[in-house]
Amino acid sequence: MGQMIPDLALRPATRQKRAYSQKSKTLQYDPYFTEKVIAATGPNAHPRLAQVMPSLVRHLHDFAREVNLTVAEWSAAVDMINAAGRMSDEKRNETQLMCDILGLESLVDEITSKMLATSTTETPSAILGPFYRSDAPLMPNGSSIVQGLTPEVEWYEKALEDSAHLSGRVLTPSGAPIKGAIVDVWHTAPNGLYEQQDESQPEMNFRGRFETDAEGRYSLYALRPASYPIPDDGPAGQLLKLLDREPHRPGHIHFIVSAPGFRTLTTQLYDDRDQYIETDSVFAVKDELVVNFKPREGDPEAKWSLQYDFVLGSMLC
Ligand SMILES: [Fe+2]
């Protein structure tokens, strides 16, 4: 893939930069232009779009005027968005990753969960992220989502060291167990790669869905999660480099917990040993989601144990 953000667009020559800077202080732009664009919306516009688009147009135009955005810079941004779209498919969502590093998915997630919350006891949500696959296998409680672990695997020793038993309950806001809830879980291999990013891993490795029993319980074997840098071979990684930013996400396990009659919870749990907890490149960490794995005794399948209860919110009537 060619260069997605041309350097020239972002780095004008010093003389040009000085002239541009001096001139931009004195420029006046058409004061009626933005309202003219907003007024073009017709009477039969989609109601929600008619509500939100004036604000979007005002913010976009104000941004362009505030920074004196040039055609070359705007064109570089368009190229970057196009490149993200071309790179996205059913296994990779680069456009979503772009939103993630700008904090937009975390912000929208917070807005949505606060708008829909019906109690103060609900487990906080966290972003879906770009690596979810909707068709993970439904597995019996107590089984393992770790596939194909043999001594030949590059991260074999690390996987043994971080083997973990995960269990807990899915509860209503008042603490009653929810039977038949589905706990959909996924995380990376110890090399920091999700299975769809890594041809050496079996299909659907480190992914599974589990149904809670009559007491609302789920259980499975997995691994303590590994931190990973977001992919740097696309526009999102390139933007991080241009911004001189930390690319890592702290180790986390993704969950989607759902049950009929309750609001589906999308969240992540973060391992408190991780060095990137404070500098998550997608700004998704919340204190209530940081967990402490405990040593597990007498289980040859796991060296660590984590118990975590998920509380689902009720549906708004
Ligand atoms: Fe992730």
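Where is the place of Tyr 221 in this chain? Tyr 221 sits in strand 5, which covers residues 217-223. Before following that residue further, it helps to know that you are looking at a predicted model.

**The chain as a whole**

Let us begin with the overall picture. The chain has 317 residues, and 29% of them count as buried. Its C-alpha atoms fill a box of roughly 75 × 50 × 30 Å, taken along the principal axes. Along the way you will meet nine helices and 13 strands. Among the contacts with a separation of 6 or more, 72% join residues that are 24 or more positions apart.

The domain assignment divides the chain into domain 1, at 7-87, and domain 2, at 99-311. From the C-alpha centre of domain 1 to that of domain 2 the distance is 37 Å.

**Back to Tyr 221**

Is Tyr 221 buried or partly exposed? With 18 other C-beta atoms within 10 Å, Tyr 221 is partly exposed, because a buried residue needs 20 or more. Leaving aside residues up to four places away in sequence, Tyr 221 touches Ser 144, Val 146, Ser 163, His 165, Glu 301 and Ala 302. Compare that with Ala 126: this residue is 95 residues from Tyr 221 in sequence, and the two C-alpha atoms are 22 Å apart in space.

**Two helices that meet**

Helix 5 takes up residues 71-87 and helix 6 takes up residues 94-101. Their axes are 7 Å apart, and the helices pack at an angle of about 130 degrees. Helix 5 and helix 6 are therefore oblique to each other. On the helix 5 side, the contact is made by Ala 84, Gly 85 and Met 87; on the helix 6 side, it is made by Glu 94, Thr 95 and Met 98.

**A six-stranded sheet**

Now for the sheet. Six strands build an open sheet with mixed pairing, in the order 1-4-3-8-9-10. Strand 1 (138-139) and strand 10 (290-291) are the edge strands, each pairing on one side only. As background, strands of a sheet pair through backbone hydrogen bonds, either parallel or antiparallel.

Here are four of the pairings in this sheet.

| Strands | Sense | Bridges |
|---|---|---|
| Strand 1 and strand 4 | parallel | two bridges |
| Strand 3 and strand 4 | antiparallel | five bridges |
| Strand 8 and strand 9 | antiparallel | six bridges |
| Strand 9 and strand 10 | parallel | two bridges |

Individual residues let you find these pairings in the model. Leu 138 stands opposite Arg 209 in strand 4, and Val 183 has Phe 210 of strand 4 as its bridge partner. Further along the sheet, Ile 253 is bridged to Leu 269 in strand 9, while Tyr 270 faces Val 290 in strand 10.

How well covered are strands 4 and 9? In strand 4, four of the five residues are buried. Strand 9 is mostly covered too, with six of its seven residues buried.

Strand 8 and strand 9 also form a hairpin, with six residues between them. In its turn, Gly 261 has a positive phi of about 90 degrees.

**Two phenylalanines with a positive phi**

Most residues other than glycine have a negative phi. Two phenylalanines are worth a look with that in mind. Phe 206 has a phi near 60 degrees, a positive value, and Phe 283 also has a positive phi near 60 degrees.

Both lie in loops beside strands of the sheet. Phe 206 is found in the loop between strand 3 (182-186) and strand 4, whereas Phe 283 is in the loop between strand 9 (265-271) and strand 10. Which of these residues is buried, and which is partly exposed? Phe 206 is buried, with 25 other C-beta atoms within 10 Å. Phe 283 has 16 C-beta neighbours inside 10 Å, so this residue counts as partly exposed.

**An annotated stretch**

Finally, the UniProt record, an unreviewed entry, places the feature "domain: Intradiol ring-cleavage dioxygenases" at residues 166-194. In the model, this span is 0% helix and 38% strand. The C-alpha atoms at its two ends lie 19 Å apart.

Terms used:
Residues numbered from 1 in each chain as written. Predicted model: local features only at pLDDT ≥ 70, side-chain atom pairs only at ≥ 80, totals over all residues. Pairing = 2+ DSSP bridges. Domains from an automatic or database assignment. Buried ≥ 20, exposed ≤ 12 C-beta atoms within 10 Å, placed from the backbone. Contact = placed C-beta atoms within 7 Å. UniProt positions renumbered as here; feature names shortened; annotations may be inferred. Axes fitted to C-alpha atoms, helices over the stretch in contact; angles between N-to-C directions. Parallel < 35°, antiparallel > 145°, perpendicular 65-115°, else oblique.
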